[in-house]
Amino acid sequence: MSFLNQWNYFLALGPQAILTTFAIGILLFGVSRNNTSDEHQGWLLGRISLAGVIAAGIVNAGLYPFADRLSDGIVAVDRYALFSNWVLLLGSAMAILISISYVEKQRIQVPEYFALLLFATVGLMLMTASLDLMLVFIGLEIASISVYALATIDQRSPKGSEAGLKYFLLGAFSTGIFLYGVALIYGSTGSANLTEILNATVDADDTGVMLITGVIMLAVGFCFKVGVVPFHMWTPDVYQGSPMPITGYMSVAIKAGAFFTFYRIFGIYLDNIQFSWGTVFWWLALVTMIGANLVALVQNNIKRLLAYSGIAHSGYLLITVLANNTTSESGLLYYLAVYTVANMGLFAGFVLVANHAEHRVEVSDYAGLGSKQPFIAMALTVFLLSLGGFPATGGFIGKILILRGALEDNYLLLAIALVISTLISYWYYLRLAWFMWMKEQAATPNTEKAPEIEIPLALKLVLAVSLVLIVYAGIFPSQLIGFIETSLLKG
Amino acid sequence: MINPHLNLFIESGLFVDGNMNWKPIMPAIIILAPLIGFIINGAISLYLNRPNVNSKGESSNGLKRIVSVVGPGSILASFIVVGLNGFRMLLAGHPTTFNANYWTWLQTSDFQVNVGIQIDTLSIVMMAVITGVGFLIHLFSIGYMESEKGYARYFAYLNLFVFFMLILVMGSSYPIMFVGWEGVGLCSYLLIGYWFEDEEKASAGKKAFIVNRIGDLGFLLGIFLLHSALGSVDYVGVAENASGVFVYGGGLVTLITLFFLLAGVGKSAQIPLFVWLPDAMAGPTPVSALIHAATMVTAGVYLIVRSSVLFAMAPVTSALVAGIGVSTALFAATIACKQYDIKKVLAYSTISQLGYMFLGVGVGAYTAGVFHLVTHAFFKALLFLGAGAVIHSMHHALHKVHSEDDPQDMRNMGGLRQYMPITCFLMWIATLAISGVWPLSGFFSKDEIIWMTGSFAMAESSPFPSLYKIYWVMAVATALMTAYYMTRFMVMTFHGKNRTVDGAGSAIHETPKIMLIPLIILGFLSFFGGWVNVTPHLMESVIGGFGALPMTDWLHHWIEPVIAESHHIQLENIGETGHVSPVGGGEVFWAVLSTCAAAVLVIGTTYFKSKSLSYGVLGEDSGTISRFLYNKWYIDEFYDKWIVKPLGQMSKFCWLKFDQGFIDRAVNLSGRSAKGIGWFGSLFHTGQVNTYAFFLTLGLLAVLITVMF
Amino acid sequence: MDSLIYFVLASVTVGGALGVVFGRSPIASLLFMIASLGSTAGIYVMLEAHFLAAIQIIVYAGAIMVLFLFVIMLLNLGHDYKRDIRGGLAILFAFGVTGGIGGLLASRVMPEGTLLLNSYPTGVSIDTEIAEKGIIGVIAEPLFNEYIVAFEFTGVLLFVAIVGALALAKRSD
């Protein structure tokens, strides 16, 4: 099959098309009802969005027979893209479940909220499937613009508006750099198509400064999106100001989508000129891992904490792009899958503790959670341990794969830095756990008593499923690894 | 040439001797029983923690009874299975190894880790100690923790600990050991901070945590290097390939063993990472007995014995192991001489004894190391539990008279023998054992380590003969100090005049029965436990009653197959160890001499100390050396000043520069930005977005420069 | 001659962009921007991309700028405003860094010429294609064949931007 028949594009981008349709449907529904006072709109539209995600998932599963058979267009239908679709769909499904009570309680404009969430996923899925830098750019922008709007969708929150604006301005700035990079690459190779770039760079040497400059600018654009030091500075602010489910979505889906694409472009199609970006990535990974973990040590706001934690994870994942052998590619996929689940689970817990609002976001607010809400506290502890890479959780396996991959390509120093920074990271992950289990809530008169937390069904689902997945992935990882190994770009 | 036993077990993966096939029964039960206990107790704890349940006293009492049964019961079940298997192994009559792989944990192109267990003579000894001593301590805890709030939580953690500890010793490969290694660390962290109301105790847990992370770093790197070198990380594969790949004294094997040593030093609280163990005493006393004396802290010794093939090929690392061990032993013993907190004395004594174990495995006496590990588990558990009983009584008594005195301070005790005679008697057994008085268990194990150190120094081609001679002298000196400080500890606690505040003394009672039974069993083991491994020389001499006493050389033969390969390597490269001490004299001579010296010291100290204490006054230690020792050589202060503080400052610096500096400044720091952050930052103190964009561009410039030049 | 015209247009482009940043009032900034965009269109003409030049004038200089102007007038932003550009060292740093990047590109990329690789350009010469299909055909054909997906999703992108803008503009109560 080929894309000479343009209808095949609809087949190839089935999941994206389905989600787009659902998003537009939700918007139309919102317009037709025009009844913002309806309290259960969130639940209804949340379910519709979830149905959209599930439908997209079904189509995604149905695409497996066609995988690797549609090859000559600017869209890849390979198992890699399908796998990344799974991760992104999972992330957005969890974000939707987390959001339902939140949007109802915060009286956010529900149709726009869910539509933008779906659009963001469409953009990310488009990006990971692209074989053309222009299409990558379009996907990235769809996702980014959706998230800019989502970050500031709660108009009563000045912090949210500030975060959204900041994100928008800096995002636009980085987009400029990204686009300039694409232009330079196009200028030097005569194409924005990745396959042609690959062919054109077969015997490139280090005299091609224009190409190299373009590639570096492209990389900087990506580094901005995933938050790599020193392009990370927007992250804590934006994470802190955004509505909590959106922070979760940003930390998970944007990062996953960007890294899937990042790896596809740099690990595969720009592999020929690794001499140009290798050193840079080496340093970026090192600085990111060490710096972010050190700064995270002194954070007291959980959203900022998670922001720095996310930056640190970007550093780990950068190693896989650098090492790009089969082991580290499996590591990347495994890590992102597990990271998505653990981080979303964590945000589910945060949303509950914050009582579907933006209160109680300090680490000290988690004191005594273990005795008041043992289930939430236990789940959160497991997620934190997984992020830290504790054995018998999924995060450990991911880290081991990354380490192995790094050592296979003799990045010994990076491997050591990874281990050291992981050990540092334990400190702040477990500090939160420490507060949950080991501290009583401070009984000062001016702190109001924490309200009783009721766990809605949707969040119970997220917590329980994430918990099971994380532990399963830690103890019986071989099936998932086996599946991932069939999804690799590097055969 | 490989030892035929070893060869066989490597090739078959299952020891087959003639027509004898040995397979353990229900090995999974051993691990699963504590896990099930953890799940049940954890569930009960979660249930009891719900705010609306607390008021219903009755149901919670019923549940508490369930916890009291399930907690120790699950460990007992595990112990019974271990015992059955050990017995069957014994009946099989030959050193046997069993390997079972349950599922593939991790598989990439060239890296495979199976989740599997290995039961051999070494691991079954460890399992017996863990479940056996563990069960006794669980039993003791029923009484000790009776009135504590988080009773179910406590048992849940304790069961979880045993579960991870069993994984540590039963795993068939280094990664599985690492799982257990991390797991026990986590449980230790949870249990140290068990009484979390106290900020100081909470920070003790943190300290333990950080120090152990350093050790974990070594472990992980060691595993990866090992895999890179041998392509295998399970014990069987490592033993199979090591002698083919590594050369004696080679750089690679030295590096790997150094990493493992770092891991062991962290876990087993050796110099320079020992600082966490005394602070870990903040946890409940049974926890100190189980985790910080009998089992977890010995994991480092186990790791080295497990890797004996590697360590035998790395003489430099081995010398370092022995050096660290003996220095720690001496160093901790000096500190123990001047402590007044009853648990602190025992903590430093534990560090000191762990040093002995390191010394043993460092001189290639792996069996002696394991032997001391086992006997130490008996008498140190007894000492800790006894101390726990004392603290328990003191606490209640002081509580009764509303005294604010510290129930752990030995200066508040004295003369407790009249109130707690049985405890006192049992504690004396343990004290004599640890002091190395014949015929108690500690005498045999410690004597063997010191003897092996001496003969290693006198070996035909000992790598560093004069160094080992120094070690020997230090080890002997430590043995004498041990006798002194342990006797001081006993006398201050149980003898002389009672120094508790008025009226409290009479409120001190003998330990309740549920706590006393474990003490009695441990007392029995502390007394006779050493008889399982007496070298034939000694057995036939006066020490063994000229062969009349039922002493055996059993443990040597038992452990031998696991360490045969390492002995072979040692024999090949170092030669026979000399059967003479560095200053002459044979084994029996020194054994008799050392026990006499210990006995004299014990008696002398008892006499003089109780005399000086009988006036009920304790002189303040005003001498420089006393203060120096009381303050533990100022090591904590040293670390605080040179490591902790600078690290904290660095983190703060990064935070201010990368986070606060750019982001929150407009809100928080604009007024004082100029002096707070410096002129550079102050240039950007309003428009934050501009600043971000500026740094983004700066980053781009830096990256471009990196690439282009 | 060509290069003279090029340099004039290029300096107007860059100067206009600087004017946007340093303009005293929004209106002035806007007019500078129009100048900048207009001279970019001039560069397109020099490259014989006439269609693109026309689009540039119509869409940017025409439609979008007029819209901006309306908004500025409507919100009464025409007066002078407090400059938020800090003086002295900050400007020095900012220009130092940007200048550094510019200098780096100029010194390293330009001497190399435009081409890096021998394989470029591929396929038929653009001139013959223009002769065959006309300049619009050359743009339209790949747009609706090879890049149909990109085209469609650009539609989605614009739609998302509108939805986002509306969501932000809409008062929730």
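These legends go with several close-up views of a predicted model.

Local features are given where pLDDT is at least 70 and side-chain atom pairs only at pLDDT 80 or more, while totals for chains, interfaces and linings use all residues. Residues are numbered from 1 along each chain as its sequence is written, with chains lettered from A and ligands numbered from 1 in the order in which they are written.

**View 1. A hairpin in chain B joins strands S3 and S4.** Helices (H or I, at least four residues) and strands (E, at least two) are DSSP runs, numbered from the N terminus. Strand S3 (residues 98–107) of chain B runs antiparallel to S4(B), and the two are paired over eight bridges; strands pair if DSSP finds at least two bridges between them. Four residues sit between the two strands of the hairpin. Look for B:Phe98, which stands opposite B:Ile119 in S4(B). Six of the eight residues of S4 (residues 112–119) of chain B are buried. Here a residue is buried if 20 or more other C-beta atoms lie within 10 Å of its own, exposed if 12 or fewer, and partly exposed in between, with C-beta atoms placed from the backbone. For orientation, chain B has 28 helices and four strands, and 58% of its 709 residues are buried.

**View 2. Chains A and B meet through 56 residues of A and 48 of B.** Two residues are in contact if their C-beta atoms, placed from the backbone, lie within 7 Å. On the side of chain A that touches chain B, helix H18 (residues 412–438) of chain A gives the most, with eight residues. That side of chain A has 40 nonpolar, ten polar and six charged residues. In this count Ala, Val, Leu, Ile, Met, Phe, Trp, Tyr, Cys and Pro are nonpolar, Asp, Glu, Lys and Arg are charged, and the others, Gly among them, are polar.

**View 3. The largest nonpolar core holds 462 residues.** A nonpolar core is a set of buried Ala, Val, Leu, Ile, Met, Phe, Trp, Tyr and Cys residues joined through C-beta atoms within 7 Å. The residues with the most contacts inside this core are A:Ile142, A:Ile216, A:Ile319, A:Leu418, B:Leu166 and B:Ala381. Helix H16 (residues 366–400) of chain B supplies the largest share, 20 residues. Beyond its neighbours within four places in sequence, B:Leu166 contacts B:Ile30, B:Ile31, B:Pro34, B:Met127 and B:Ile130. A second, separate core has five residues, among them C:Met33, C:Ile34, C:Leu37 and C:Ala41.

**View 4. Helices H14 and H19 of chain A cross at roughly 145°.** The axes of H14 (residues 326–353) and H19 (residues 457–475) of chain A come within 9 Å. Axes are lines fitted to C-alpha atoms, for helices over the stretch in contact, and angles run from 0 to 180 degrees between N-to-C directions. The crossing is left-handed, meaning that the near helix is turned anticlockwise from the far one by less than a right angle. The residues that meet include A:Val338, A:Ala342, A:Gly345 and A:Gly349 in H14(A), and A:Leu459, A:Ser466, A:Ile470 and A:Ala473 in H19(A). By class, this contact has 14 nonpolar, three polar and no charged residues.

**View 5. A:Leu318 sits in helix H13 (residues 302–323) of chain A.** A:Leu318 counts as buried because 29 other C-beta atoms lie within 10 Å. Leaving out residues up to four places away in sequence, A:Leu318 touches A:Val228, A:Phe281, A:Leu284, A:Ala285 and A:Thr288.

**View 6. Two cis peptide bonds precede A:Pro230 and B:Pro272.** The bond from A:Val229 to A:Pro230 has omega near 5°, and A:Pro230 lies in the loop between helix H9 (209–226) and helix H10 (234–241) of chain A. In chain B, the bond from B:Ile271 to B:Pro272 also has omega near 5°; B:Pro272 is in the loop between helix H9 (251–267) and helix H10 (276–280).

**View 7. A:Ala392 and A:Asn410 have positive phi without being glycines.** For A:Ala392, phi is about 75°, and the residue is in the loop between helix H16 (374–388) and helix H17 (394–408) of chain A. A:Ala392 is buried because it has 21 C-beta neighbours inside 10 Å. For A:Asn410, phi is about 65°, in the loop between H17 and H18 of chain A. A:Asn410 is exposed, as 11 other C-beta atoms lie within 10 Å.
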